[in-house]
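I opened this model to look up its nonpolar core and the packing of one helix. My entries follow the structure.

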Amino acid sequence: MKTTIKKTTKMVTIILFTIFTGTMAFAQPPGGGQRSGQQGGQQGPPPIPNTKQIKTMVSDMAKELSWTDKQEASALLLYNDHFEKVKAKTSGSTKPDREEMDALTATLEKNVKALLTADQQKAYVAYLKKQSKQRPQRDK
C-alpha cells in the first residue's frame, strides 16, 4: 500500500511539473514579453543605414528600375543627404514627430522622381509600394 501511494505521489508530481513547465512556455505574450499593446518585432524606428548600405540600396534600385548611371549617382546623393538629415533629427534627446519624418521621406521621393522619366517614376512608385509591403507596419 505504501509503494502504491509513493508511486501515485511521484506520478502526480511529474504530471504537475510537466503541466507547470508547459504552461510557462506559452505564458509569454507575442513578441517575447514586450510591453503590453505592442506586437513582436522591432521597437522604434528602423536603424539608419550606413553609407555602404545606402550605396547598395540605391544600386539595387537602379538596376531593378533601369536607371542611367547619372540618375543612380544623383539618387545616391539624395539618399545620403536624406539619411544624414534623419540621423541629425533622431540623434538628439527629443524624438522627431512622425509628421516631420514623413515630410522628409516625401521630399526625398519627390526629388528622386524629378530625376526620372515618366515611366521610371511609375516604376519607382510601384517599387516603393512593394518595399513598404515587405516591411512590418508600425502604428501611426
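The entries below go from the core to a single helix and then to a helix pair.

Entry 1, ground rules. I am working with a predicted model, where local features need pLDDT of at least 70, side-chain atom pairs count only at pLDDT 80 or more, and totals for chains, interfaces and linings use all residues. Residues are numbered from 1 along each chain as its sequence is written, and side-chain values use heavy atoms, with hydrogens and water left out.

Entry 2, the core. I looked up the largest nonpolar core (buried Ala, Val, Leu, Ile, Met, Phe, Trp, Tyr and Cys residues joined through side-chain atoms within 4.5 Å) and found 16 residues. Buried means under 20% relative accessible area and exposed over 50%, with partly exposed in between (1.4 Å probe, protein chains only). Helix 2 (51-65) gives this core its largest share, five residues. Helices here are DSSP runs of H or I, at least four residues, numbered from the N terminus.

Entry 3, helix 4. Which residues of helix 4 are buried? I list M101, L104, L108 and V112. Seen down the helix axis, they fall within an arc of 65° (taken from the directions from the axis to the C-beta atoms), so they line one face. The face turned away carries the exposed residues E99, K110 and A114.

Entry 4, the pair. Helix 3 and helix 4 pack at about 170°, with axes 10 Å apart. They are therefore roughly antiparallel (over 145 degrees). The axes are lines fitted to C-alpha atoms over the stretch in contact (heavy atoms within 4.5 Å), and angles run from 0 to 180 degrees between N-to-C directions.

Note on methods
Helices (H or I, at least four residues) and strands (E, at least two) are DSSP runs, numbered from the N terminus. Angles under 35 degrees count as roughly parallel, over 145 as roughly antiparallel, 65 to 115 as roughly perpendicular and the rest as oblique.
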